[in-house]
Amino acid sequence: MPPHMAAHHPSAASMQPPHHPTMHHPHHDLDCDPRELEAFAEHFKQRRIKLGVTQADVGNALGKLKLPGVGSLSQSTICRFESLTLSHNNMVALKPVLLAWLEEAEKTAREAKAAGGDLFGANGERKRKRTSIAAPEKRSLEAYFTIQPRPSGEKIAQIADKLDLKKNVVRVWFCNQRQKQKRMKFAAGMVPPH
DNA sequence: ATGCATGAGGT
DNA sequence: CCTCATGCATA
């Protein structure tokens with residue numbers, strides 16, 4: 001069972017525009033432009049659909065690219081990349097990888113224009129269950145989150161008890177809530193209505 | 001598309 | 001215990 005890959009590493013430099021090897025500027029080197037990321041994500045999705053490839057297909061195909069330190073990704077991650085619902089850093093890290101796949105896929109598509117193509121498999125393994133927090137409890141959690149996004153372990157236990165939920169469920173809920181606040185769509189560039 | 005969860009690495 | 005990247009399961 002192949003575990004996850006290392007969290008963040010700088011091993012992603014496959015196709016940067018030709019810079020002058022004789023000199024480089026002290027600032028602005030990596031593209032961390034939210035605008036550019038957004039544009040790329042949009043174009044990526046459009047191209048992917050044009051190629052008739054699903055998000056899951058892309059995820060699996062990434063593993064076949066044999067790029068250094070790059071394995072397969074899930075449909076979830078591809079979906080989140082396209083909808084910018086990932087952290088800024090995560091978007092920046094995934095962009096070069098998805099770009100590499102896109103170029104490869106378009107090249108292959110061009111070549112396959114003269115032959116028949118087919119590649120599909122099926123699978124059916126279901127297991128794990130998912131806890132579902134009811135609406136009333138969710139509203140309470142959201143209210144607590146508004147006044148205290150990072151409650152102490154004791155406070156979490158107290159909330160869990162009051163809502164009749166497992167402490168771990170509540171803890172994880174807060175963790176996930178914090179992560180959501182850091183997603184591109186909610187972090188910066190989007191001010192609350194009115 | 002999204003909710004709840006896991007695991008690695010950090011404090 | 002947290003953050004962060006990521007994914008299974010499910011709406």
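These are my notes on one residue, P34, and on the protein surface near DNA strand C.

**Entry 1: the model.** I am working with a predicted model.

**Entry 2: P34.** I looked up where P34 sits. P34 belongs to helix α1, which covers residues 34–50. Is P34 buried or exposed? I found a relative accessible area of 44%. Buried would need under 20% and exposed over 50%, so P34 counts as partly exposed.

**Entry 3: around P34.** Next I checked its contacts, setting aside neighbours within four places in sequence. P34 touches H88 and M184. I also took one distance: the C-alpha atoms of P34 and S72 are 25 Å apart. Along the chain, 38 residues separate P34 and S72.

**Entry 4: DNA strand C.** How many residues surround DNA strand C? I get 23, and the closest are S76, S87, R128, R178 and K182. I sorted the surface by class: 12 residues are charged, eight are polar and three are nonpolar.

**Entry 5: what the protein meets.** I then turned to the DNA side. Of the strand C atoms within 4 Å of the protein, 67% are in sugar or phosphate, and the rest are in bases. I noted three atom pairs. A backbone N or O atom of R128 is 2.6 Å from a phosphate oxygen of the strand. For R171, a polar side-chain atom is 3.4 Å from a phosphate oxygen. Q179 places a polar side-chain atom 2.8 Å from a base nitrogen.

**Entry 6: which elements.** Helices α3 (75–82), α4 (88–111) and α7 (167–181) each give two or more residues to this surface. The largest share, five residues, comes from α7.

Key. Residues numbered from 1 in each chain as written. Chains lettered and ligands numbered in written order. Predicted model: local features only at pLDDT ≥ 70, side-chain atom pairs only at ≥ 80, totals over all residues. Heavy atoms only, no water. Helix = DSSP H or I, 4+ residues; strand = E, 2+ residues; numbered from the N terminus. Buried < 20%, exposed > 50% of the residue type's maximum accessible area, 1.4 Å probe, protein only. Contact = heavy atoms within 4.5 Å. Near = heavy atom within 4 Å. Polar contact = N/O pair within 3.5 Å; in protein donor to acceptor, adjacent residues only side chain to side chain. Nonpolar A, V, L, I, M, F, W, Y, C, P; charged D, E, K, R; others polar.
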